[in-house]
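Colleague: Could you take me through this model, please? I should like to discuss a few parts of it in turn.

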Amino acid sequence: MEERVARACDAAGREREEVTLVVVTKTYPVEDVRLLAGLGVRHVAENRDQEAAGKASACAELPLQWHFVGQLQTNKARSVVRYANFVHSVDRLRLVAGLSAAVRREQRPDLRCLIQVALDKESGAGEERGGVAPAGIEELADAVAEAPGLDLAGLMMVAPLSGVYAGRPETAFARLRDLSSGLRLRHPAATMVSAGMSADLEEAIAAGATHVRVGSAVLGVRPDLG
Ligand SMILES: *Cc1c(COP(=O)(O)O)cnc(C)c1O
């Protein structure tokens, strides 16, 4: 995987240091997380609070940064802020308020938040998945930036499976890059662009991703959880 990321950076004319590999460890056991840490991985991601909380506490002594990348119910905010350094899936104002209150109640260091963008919401599809339509980014970003205990870190996207961007990850990631440029006019420090998974990390890196979230291409195909 290191080689694949390095090649993608090379092809895009970017330095390897510009892209952080975040290994998505969902469904894999704690032993795999330990193994990854031993191999030098420093960023891991999970998408379910219950599983993440258990693994993070079992790995508390390891030098890992934990990224939460799944849809997040507001009532889980208090649990998530206990272990997460980053939440990539901020997509509504209620969640911003919930995370901010949770960080303060739990007396945690500032939580780095990314706004999850859903391009397919423009066309009315994709309602069941997380994310906010591009038109909603500014309001959410301002709310995160103003919320005590939260830092606005950037944008996250999963390449759409429906709508006009379905099957066109290059176009989707190019759009994300434009949205990120727009965001940085107002919030210059929000430089993270979390995009690209096992299937499309090359396209994401070519379009400026700073963080790729890779699961199966590192750890093998997950058992089907439904
Ligand atoms: C599972 C997951 C990934 C990783 O997907 P792979 O195809 O296994 O690389 C990335 N991002 C999110 C939000 C995920 O839920």
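**Two helices and two pockets**

Modeller: This is a predicted model. To begin with one helix, the buried residues of α1 pack against β1 (20-24) and α8 (201-206).

Colleague: Which residues of α1 are buried?

Modeller: Helix α1 spans residues 2-11, and its buried residues are Val5, Ala8 and Cys9. They lie on the same side of α1 because they cover an arc of only 100° around the axis.

Colleague: And what is exposed on the other side of α1?

Modeller: There, Glu3, Arg7, Asp10 and Ala11 are exposed.

Colleague: Which residue follows α1?

Modeller: Gly13 follows α1, and the phi of Gly13 is positive, near 70°.

Colleague: Let us change helix. How many residues does α7 have, and how far does α7 reach?

Modeller: Helix α7 (residues 169-186) has 18 residues. From its first C-alpha to its last, α7 reaches 26 Å, which is close to the 26 Å expected at 1.5 Å a residue.

Colleague: Which of its residues are buried?

Modeller: In α7, Pro169, Ala172, Phe173, Leu176, Leu179, Ser180 and Leu183 are buried. These residues cover an arc of only 115° around the axis, so they are on the same side of α7. On the other side of α7, Asp178 and Leu185 are exposed.

Colleague: What do the buried residues of α7 pack against?

Modeller: They pack against three strands, β5 (111-117), β6 (150-157) and β7 (192-194), and against the helices α6 (137-146) and α8. Helix α8 also packs against the buried residues of α1.

Colleague: Now the pockets. What is the volume of the largest pocket?

Modeller: The volume of the largest pocket is about 700 Å³. Its lining consists of 29 residues, and those nearest its centre are Lys26, Arg129, Val158, Met197 and Arg213.

Colleague: Which strands each supply at least two residues of that lining?

Modeller: Strands β5, β6 and β8 (211-214) each do so. By class, the lining of the largest pocket has 14 nonpolar, eight polar and seven charged residues.

Colleague: And how much space lies in the second largest pocket?

Modeller: The second largest pocket holds about 190 Å³ of space.

Colleague: What lines the second largest pocket?

Modeller: The residues lining the second largest pocket include Glu2, Arg16, Val19, Thr20, Leu21 and His43. Its lining divides into five nonpolar, three polar and three charged residues.

Note on methods. Residues are numbered from 1 along each chain as its sequence is written. This is a predicted model: local features need pLDDT of at least 70, side-chain atom pairs count only at pLDDT 80 or more; totals for chains, interfaces and linings use all residues. Side-chain values use heavy atoms; hydrogens and water are left out. Buried means under 20% relative accessible area, exposed over 50%, partly exposed in between (1.4 Å probe, protein chains only). Helices (H or I, at least four residues) and strands (E, at least two) are DSSP runs, numbered from the N terminus. The arc is that of the directions from the helix axis to the C-beta atoms. Contact means heavy atoms within 4.5 Å. The expected span of a helix is 1.5 Å times one less than its number of residues. On a 1 Å grid over the protein atoms alone, a cavity is a set of points where a 1.4 Å probe fits but cannot get out, and a pocket is an open set with protein on both sides within 12 Å along at least five of seven lines; lining residues have an atom within 4 Å of a point. Grid points are joined across faces, edges and corners, and a volume is the space filled by probe spheres set on the points. Ala, Val, Leu, Ile, Met, Phe, Trp, Tyr, Cys and Pro count as nonpolar, Asp, Glu, Lys and Arg as charged, and the others, Gly among them, as polar.
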